[in-house]
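Me: I am new to this structure. Please show me how to read a few of its features.

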Amino acid sequence: VVSKMSRLARFGFKRNIDHLRSWSIQLPNNLKKAVLNFDDKELEHEGLRLFTYQHIPQLKYHNPDIQFVILRNKTPSKCTINLVYNNGERNELVLAGKSHKLIKEEIEKLNSTKEQL
């Protein structure tokens with residue numbers, strides 16, 4: 001039996017409303033889906049793994065209409081985020097070897113460039 005305290009500590013990022021509100025980024029309105037591919041055992045994929053754990057709940061909270069699909073250990077040696085837009089356009093971000101902070105910055109840049117178009 002798992003105690004309530006251990007569950008809160010394990011999933012602290014996901015369950016803390018302050019954390020969900022702390023990074024309020026609105027992704028482009030025409031973004032339909034984001035597919036994250038990474039392997040838990042690859043050191044180069046550590047940044048995307050941490051980004052998924054810490055920041056995907058925030059993105060889901062602020063962008064409820066976007067579908068987020070996480071493919072863990074499904075595509076070996078692939079560390080990417082594939083973005084699918086309503087018009088069928090696709091964009092792939094290759095993130096192998098990048099830290100979760102750099103990935104966060106890249107998502108912020110992507111949002112600002114899509115708004116300018």
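The turns below take up a helix, a residue in it and a loop residue.

Reply: This is a predicted model, in which local features need pLDDT of at least 70, side-chain atom pairs count only at pLDDT 80 or more, and totals for chains, interfaces and linings use all residues. Residues are numbered from 1 along each chain as its sequence is written, and side-chain values use heavy atoms, with hydrogens and water left out.

Me: Where is Thr 52 found?

Reply: Helices (H or I, at least four residues) and strands (E, at least two) are DSSP runs, numbered from the N terminus. Thr 52 is in helix α4, residues 46-62.

Me: Is Thr 52 buried or exposed?

Reply: Buried means under 20% relative accessible area, exposed over 50%, and partly exposed in between (1.4 Å probe, protein chains only). Thr 52 has 5%, so this residue counts as buried.

Me: Which residues does Thr 52 touch?

Reply: Contact means heavy atoms within 4.5 Å. Not counting residues up to four places away in sequence, Thr 52 touches Leu 36, Phe 38, Pro 57, Ile 70 and Arg 72.

Me: Where does α4 bend?

Reply: The bend at a residue is the angle between axes fitted to the seven residues ending there and the seven starting there. In α4 the bend is about 45° at His 55, and Pro 57 follows within four residues.

Me: What is notable about the phi of Asn 73?

Reply: Most residues other than glycine have a negative phi. Asn 73 is not a glycine, yet its phi is positive, about 60°. Asn 73 lies in the loop between β2 (67-72) and β3 (80-85), and is partly exposed at 37% relative accessibility.
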